[in-house]
Amino acid sequence: MRFRHQLLPANYNLSLARLRNPLRSVDAWWNMPENIEMDSGNNEAMILVTGATGHIGREVCRLLTETRWQILAVDLNQDKTQDVRACDLRLKSQVSALFQDHSVRAVIHLAGILPSAFQSDPLTGADVNLSGSLELMRQSLAADVQRFIFASSMSVYGSLHAQRLVTEDDAAAPDEVYGAAKRAVELIGKSLSEKGAFEFVALRIARVVGPGIKKTSSPWRSQIFETVPQPESIRIPFSPDAMLSLVHVEDVARMLFTLVEATEVNSFVYNTPAEIWQVKELKGLVEKLRGIRVELGPEGAWGGPMCDGSRFAREFKFHLRQLRDHLSGRVRIDRGSHA
């Protein structure tokens, strides 16, 4: 599958070097020439971001805004302080209104019920993650959206590949409802794309870590980075020998940004590049760099599929930042210059 359009506003001044290398890394974008300008009032460049107040959504909106994309940020509840509009994906009228009020060029669909909540209430989970996603695709099709970027999950691989890295060529075989819903949206999006509806691409996201997680059944993913007062210890609920595929939230946002910017995308699905950490080694690193005591367990708790994101890294020349550097504070982004 090859995407046909370059998702750039009409008044974007492209340098010759950029035209010759459209599939550049996001790091290269951060060193862009100062004469590249975008009209902040250009509705043709609008990007719709669902789940905008979530952990990934906040970072995606920040990055898009600072690189001068015009965004329509939506979530279940309105947040005027962040210019986030309320939208319940289960309500056709609210989803339809988004496209009636704005000209949307691309969608980044992050909204959804998280795995533990989905397990607790599978009917609501299916209403939001499956039916809501289908309604969003239906309205995107009617509005002639060019590209639909879907936040999928490594859970689509199920539990069949416990001992090795999984690639996009491995069979998707979800064995729980959250992963099954993600897989269903992938297949429907692919089918629509093949029929020429819009350009669909799914990013299968590994276990996300980073500060600022508000809603999670696994608070350690945020606690290992937090500078606020911490509990006496942090519990990582996996066996010491379990292997975890980890990716920092800032890197996930850069990947989604890359998919917005890309001139061509050669596959409908990508795994996120991620680091593979043995839990006992992660414990040692956190205790050394953060001075926080880490508890593990229970024995036998598996860490989920191990992620091979080499396809994304290769095709988009994407460089993952090291988790060690994030934990030590060596990764510091100048949010004004993107350097």
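Which residues point one way from β7, and which the other way? Select β7, residues 199-205, in this predicted model. Glu 199, Val 201, Leu 203 and Ile 205 point one way, while Phe 200, Ala 202 and Arg 204 point the other way. In a regular strand, side chains alternate between the two faces of the sheet. Seven of the seven residues of β7 are buried, so the strand is largely enclosed by the rest of the structure.

Next, show the strands that pair with β7. Strand β5, residues 147-153, runs parallel to β7 and is joined to it by seven bridges. To find one position in this pairing, select Ser 153, which stands opposite Ile 205 in β7. Then select strand β11, residues 269-271, which is parallel to β7 and linked to it by three bridges. Here Asn 271 in β11 is the bridge partner of Arg 204.

Now widen the view to the sheet. Seven strands form an open sheet in the order β3-β2-β1-β4-β5-β7-β11, with parallel pairing. Select β3 (84-86) and β11 to mark the edges. Each has a single partner strand, so one side of each is left without a neighbour in the sheet. On average, neighbouring strands of this sheet are turned by 20° against each other, direction ignored.

Move along the sheet to strand β1, residues 46-50, and strand β4, residues 104-109. These two strands pair in the parallel sense over five bridges. Within the pair, Val 49 stands opposite Ile 108 in β4. Add helix α4, residues 92-101, which packs on the sheet and touches β1, β2 (71-75), β3 and β4. The direction of α4 makes about 135° with that of β3.

The last stop is a pair of helices. Select helix α3, residues 55-66, and helix α9, residues 249-261. They pack at an angle of about 55°, with their axes 9 Å apart. At that angle, α3 and α9 are therefore oblique to each other. The crossing of α3 past α9 is right-handed. To see the contact, show His 55, Ile 56, Glu 59, Val 60, Leu 63 and Leu 64 of α3. On α9, show Val 249, Glu 250, Val 252, Ala 253, Arg 254, Leu 256 and Phe 257. Coloured by class, the contact of α3 with α9 has nine nonpolar, one polar and three charged residues.

Conventions:
Residues numbered from 1 in each chain as written. Predicted model: local features only at pLDDT ≥ 70, side-chain atom pairs only at ≥ 80, totals over all residues. Heavy atoms only, no water. Buried < 20%, exposed > 50% of the residue type's maximum accessible area, 1.4 Å probe, protein only. Helix = DSSP H or I, 4+ residues; strand = E, 2+ residues; numbered from the N terminus. Pairing = 2+ DSSP bridges. Axes fitted to C-alpha atoms, helices over the stretch in contact; angles between N-to-C directions. Parallel < 35°, antiparallel > 145°, perpendicular 65-115°, else oblique. Left-handed = near helix turned anticlockwise from the far one by under 90°. Contact = heavy atoms within 4.5 Å. Nonpolar A, V, L, I, M, F, W, Y, C, P; charged D, E, K, R; others polar.
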